Amino acid sequence: GVSMILSLVLVVIFFPSRPEFAPTASAVAARLNITEGLCVLLRRGNFWLIVFAYALTSGTFNGYGLTFDVIMEKSNISQSVAGHLGFVGLLASVPTNILIGSMAALFSRWQKFMNVAILTVGTLLFVGFVAEVEMWIPRNMAAIWVFYVLGTMCITGVVPLLFDMSTESSHPVSEELSSTIMVLGNQMMCNVFTVILQIPHLISDEDKDRLNFVLLASYVIAVILAVLYRTTNVRLLIDAYSITIDQLDTRSIQQIRNAGVRM
């Protein structure tokens, strides 16, 4: 509590409302108001692919983490070990998020490829983790640690990518609106995951390890959604060619495509 209050005070005192100079042309481009933005987003299937991919990965992972010790106990892994697994996994994900976020900015045209690749690797790592805890293969605690920590780094590491892709696919809708929808989707999926455990007779205490399979199914669906996502580079066009969203008519888009920038 104290650290949060201190952080808030420091932000209020030292954090400027905006930089002195805009970093890019798209950063100062006009945005739609909330009502217009919602109407636009309702018709943007590409945006909702990212929303659901984020909800299925981060939201499910958060809900899984809240009950992780209980689930692991059903697989004969102590709550103490489960707690250490979760702590190390999340701690290791911090530098991973920073690294992937930096890569997303440097290689903006490759975001879809990076997202699909990292999600796929993370899903495969959790397949190995579940295979270990369910004892489909001889249990090896070292392998459990490796699978879980690396898997956590991948699944949480795509968060910066997904948020940047949501902003890109929703432009010129404001980032506040698109990010709010992303967070709401995440929280709703997390709540669904935890509410399942509260429904009597739906999942018994002996069957709580089945949530491992719910986790895997969510990740597989998220990978499929990430593959279906169509890359857009609206902000990149604005920044690279100093044009406005209103100037992106069919002719100019085709000319820019021919120059090597994908819309």
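1. Helix axes are lines fitted to C-alpha atoms over the stretch in contact, and the angle between two axes runs from 0 to 180 degrees between N-to-C directions. Two packed helices are described by that angle and by the distance between the axes. Keep both in mind below. Note also that this is a predicted model.

2. Start with α3 and α9. Helix α9 covers residues 175-196. The axes of α3 and α9 lie 7 Å apart, at an angle of about 40°. Angles under 35 degrees would count as roughly parallel, and 65 to 115 as roughly perpendicular. The angle here therefore makes α3 oblique to α9. The crossing of these two helices is right-handed. Their contact involves 15 nonpolar residues and nine polar ones, with no charged residues.

3. Now turn to α3 and α8. Helix α8 spans residues 159-170. How are α3 and α8 placed relative to each other? Their axes are 8 Å apart and the angle is about 160°. Over 145 degrees counts as roughly antiparallel, so α3 and α8 are roughly antiparallel to each other. The crossing of α3 with α8 is left-handed.

4. Which residues make the contact of α3 with α8? From α3 come N46, F47, I50, A53, Y54, T57 and S58. From α8 come V159, L162, F163, M165, S166, S169 and S170. Sorted by type, the residues of this contact are eight nonpolar and six polar, and no charged residue takes part.

5. Look at N46 on its own. N46 sits in helix α3, which runs over residues 45-66. Is N46 buried or exposed? Its relative accessible area is 13%. Buried means under 20%, so N46 is buried. Set aside its neighbours within four places in sequence, and N46 is in contact with S169, Y229, R230 and T232. S169 also appears among the α8 residues in the contact with α3.

6. Residue I196 belongs to helix α9. Its relative accessibility is 23%. The partly exposed class lies between 20% and 50%, so I196 counts as partly exposed. Its C-alpha is 9.7 Å from that of L211, and the two residues are 15 apart in sequence.

7. Finally, check helix α6, residues 111-133. How far does α6 reach from its first C-alpha to its last? The span of this 23-residue helix is 33 Å, close to the 33 Å expected at 1.5 Å a residue. M135 follows α6, and the phi of M135 is positive, near 60°.

Key: Residues are numbered from 1 along each chain as its sequence is written. This is a predicted model: local features need pLDDT of at least 70, side-chain atom pairs count only at pLDDT 80 or more; totals for chains, interfaces and linings use all residues. Side-chain values use heavy atoms; hydrogens and water are left out. Helices (H or I, at least four residues) and strands (E, at least two) are DSSP runs, numbered from the N terminus. Buried means under 20% relative accessible area, exposed over 50%, partly exposed in between (1.4 Å probe, protein chains only). Contact means heavy atoms within 4.5 Å. A crossing is left-handed if the near helix is turned anticlockwise from the far one by less than a right angle, and right-handed if clockwise. Ala, Val, Leu, Ile, Met, Phe, Trp, Tyr, Cys and Pro count as nonpolar, Asp, Glu, Lys and Arg as charged, and the others, Gly among them, as polar. The expected span of a helix is 1.5 Å times one less than its number of residues.
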